[in-house]
Amino acid sequence: MRTMEARAVISAVDRTGNVFRQVAGKMNALTAAGTRVGRVSAAVSRSSAAALATIGRFAAPAALAAGAVAASRNFAAYDRQLSYLANTADATAEQMAGVRKEIGATSRLVAETPDEVLKGTQTFIAALGDLDIATRATRETARAAKAFGTDITDQAAAGVAVVQNLGIAVDRLNRANEIMAAGANIGMFEPKDMAKHLPSIAAAAKELKIVGEAGLGKLVAHLEVVRTATGDSATAANDYYNLLSKIVAPGTIDAVNDMAKDQKKNIDLLKEIDKGYANGTDAVQTFLRVVRELTKGDPNKIKELVPDMQANRALTALISLYDSLDDKIRTVLNSVGLVDKAFARVMKDQQSNLDRMTQAFDRLAKIVGENVGINAAAGVVADGINARVDVGEMTPAERDAHVEQSQRNYRKGVADAAKREQEEADKRRAAGIPAEIALIRQRGGRGADTRVAALEAELRRLQGPGSAALQGRRWDATTAGLAAQSWGEPPLPPPTFPALPGPAPLPPPNPLRRRRRNTALPAEMPLPPVNPMRFPIIPAPADVGAVAGGQVKAVVEGPVTATVTGQAEVLVKVQVEGPAWMKSVVEQSLRAKLPLQSAPTGRSMPEAEPAGRPQESGW
């Protein structure tokens, strides 16, 4: 806020030589000077308000226009992504209307912009292809992403992985999200890490018959254990993935079988894995059991079986905590309600309020961008420019042929339009004749039958489109329409904009509010209100905002004193802090002189000057 201050310094010294002059009269004059400074302040305030209103009339439309363009771009980008989604799913317009509505509802539920929610839907559509399944999966995925701060695209990719590779139904996706997030309760492999790395791990786990919610719980628990042996989650995920790829590799199978022979044990790894499949046991569980039996947890022997450094690190970690693996898996699988609880907590914090406001403004911008009509107008302008460019690229012969054909098309369009207009007029006339006949018959009078007969004949002509008279009249109308046209190249139609609601009306004055008499109301020029549904709320430029809250005040430094020792002179100095245009306002207000005169009542001093010397004013 910038404060513009008008400061008046008023001093008075009595040098009239009339030591018995009436002090009261001089004080009254000084009071009048203070009143004048008040009038200066009021004049400056009114001028400031007028200037601000003028600025607002220019700045507000510019800000609104910029906001409308930004909103149009926002919606255009969002609409393009919806078009891509419709192409991927081969969806109809009705289906896409439902998808768009569902995306809006989900964005409001999780306080995220529709663009973010759309990313999740696109991921599910690309993998699953079904719009209904994709929208349902997106809602559960968006809740989990919001609850644990994961990227919605990564969370959706993890959801696709558990559906496609682990065989978990889409209706159980919320439960799968709970299992994926539960690993953080037993280790350091966070939900955002699980969402990012699970898709590749789930693909490898599918080959080893790790399926269902129990299989997902096992993967989560194993990743948490491997994380304890690595410095970060990305390394842990890479190590575990390498281990899964080595379990049924030929080199691993041969190494296990050779170690079993050396220990005089009848163990064939592939046969053991097949037996496990028959009993509902996945290959990872069978492999860990066999390795533990052969190595007894000795790191050197484990390295003989799996020499790869990354896979060996993961295997060593799992074997070292083999006895506690089942407990960790049960802990992960007992995470019922974890997503709901985390989501409710997040949606109650302070950041969620800002997220909701951002989401609401983004949806409003999309609605404004869709209805403001700038995009449609841009298409019309582009078509017109391209049409003229096409003509400019033609050869002279092609251009002459094009102009001739355009004129023929234009004449035909004008003729058809004139004919249709006359036909519509004839239909309206035919519809109104029966009522006119009934009214004439009701009133009766001389000549009524003749008028009725004439109207009935006209009605028959209008109802019989093949009559020569009627066709001739319509041809005359068509000819007249053609004659009124110029045969230049037809102009492009102007861009059209949809009708938008006007500004909201000002509230009516309160009739119960009473004003005191002789109380001047401040002269204000408020800016017109803006309909919030027409344009988004966009901050005005910084220079406008700095002035908009300004105020002008006058300060009379005092107290005002009079020293009656000689001649009297009152000097009023007005100092204004503000723009240069205020100078003329103050100068005009102080242009009049303010003499201080009164009748002498005593003797004068030798240096006394004549009474009535006018007041001086300075800037």
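Begin by selecting Glu436, which at 31% relative accessibility counts as partly exposed, and bear in mind throughout that this is a predicted model. The side chain of Glu436 meets that of Arg429 in a salt bridge, with 3.2 Å from N to O, and Arg429 is likewise partly exposed, its relative accessible area being 30%.

Next, colour helix 19, which spans residues 396-443, and pick out Lys412 and Asp416; because these two residues are four apart in that helix, about one helical turn separates them. They form a salt bridge whose closest N and O atoms are 3.0 Å apart. Lys412 counts as exposed at 54% relative accessibility, whereas Asp416, at 30%, counts as partly exposed.

For a pair that links distant parts of the chain, move to Arg292 and Asp323, which form a salt bridge with the closest N and O atoms 3.2 Å apart. Arg292 sits in helix 12 (residues 283-295), while Asp323 belongs to the loop between helix 14 (309-320) and helix 15 (325-333), and the two residues are 31 apart. Asp323 is exposed, with 62% relative accessibility, and Arg292 is partly exposed, with 34%. The structure holds 19 salt bridges, and another selection worth displaying is Glu112, Lys146 and Asp355, which are linked in a salt-bridge network.

Now go to helix 4 (residues 131-148) and select Arg143 there. Arg143 has 13% relative accessibility and therefore counts as buried, the cut-off being under 20%. Its side chain is joined to that of Asp340 by a polar contact of 2.7 Å. Beyond its neighbours within four places in sequence, Arg143 is in contact with Leu109, Val110, Asn174, Val339, Asp340 and Phe343.

From that list, follow Asn174 into helix 6 (residues 173-182). Asn174 is also buried, at 18% relative accessibility, and, leaving aside neighbours within four places in sequence, Asn174 is in contact with Glu140, Arg143, Val339 and Asp340. Show the whole of helix 6 at this point: 10 of its 10 residues are buried, so the helix is largely enclosed by the rest of the structure. Among the buried residues of helix 6 are Arg175, Asn177 and Glu178.

Return to helix 4 for Ile133, which is partly exposed with a relative accessible area of 26%. Apart from residues up to four places away in sequence, Ile133 touches Leu128 and Val170; the C-alpha atoms of Ile133 and Val170 are separated by 7.2 Å, although the residues are 37 apart along the chain.

What lies at the centre of contacts in the largest nonpolar core? That core has 90 residues, and those with the most contacts inside it are Val162, Leu216, Tyr240, Leu244, Phe287 and Leu315. A second, separate core has nine residues, including Ile433, Ile437, Ile440 and Leu462. Select Leu315 to see its surroundings, where it touches Leu243, Phe287, Leu288, Val291, Ile302 and Val306, not counting residues up to four places away in sequence.

For a nonpolar selection at the surface, show Leu354, Met357 and Phe361, which make a patch of about 280 Å². Met357 lies in helix 17 (residues 350-371) and is partly exposed, with a relative accessible area of 46%.

Finally, zoom out to the whole protein, whose secondary structure comes to 23 helices and four strands. Of its 619 residues, 37% are buried, and about 35000 Å² is exposed, with carbon and sulfur atoms supplying 55% of that area.

Key:
Residues numbered from 1 in each chain as written. Predicted model: local features only at pLDDT ≥ 70, side-chain atom pairs only at ≥ 80, totals over all residues. Heavy atoms only, no water. Patch = residues over 30% accessible without salt bridge, like charges linked within 9 Å, V, L, I, M, F, W, Y side chains within 5 Å. Areas by Shrake-Rupley, 256 points an atom, 1.4 Å probe, with all protein chains shown as cover. Salt bridge = Lys/Arg side-chain N within 4 Å of Asp/Glu carboxyl O. Buried < 20%, exposed > 50% of the residue type's maximum accessible area, 1.4 Å probe, protein only. Polar contact = N/O pair within 3.5 Å; in protein donor to acceptor, adjacent residues only side chain to side chain. Contact = heavy atoms within 4.5 Å. Core = buried A, V, L, I, M, F, W, Y, C linked by side-chain atoms within 4.5 Å.
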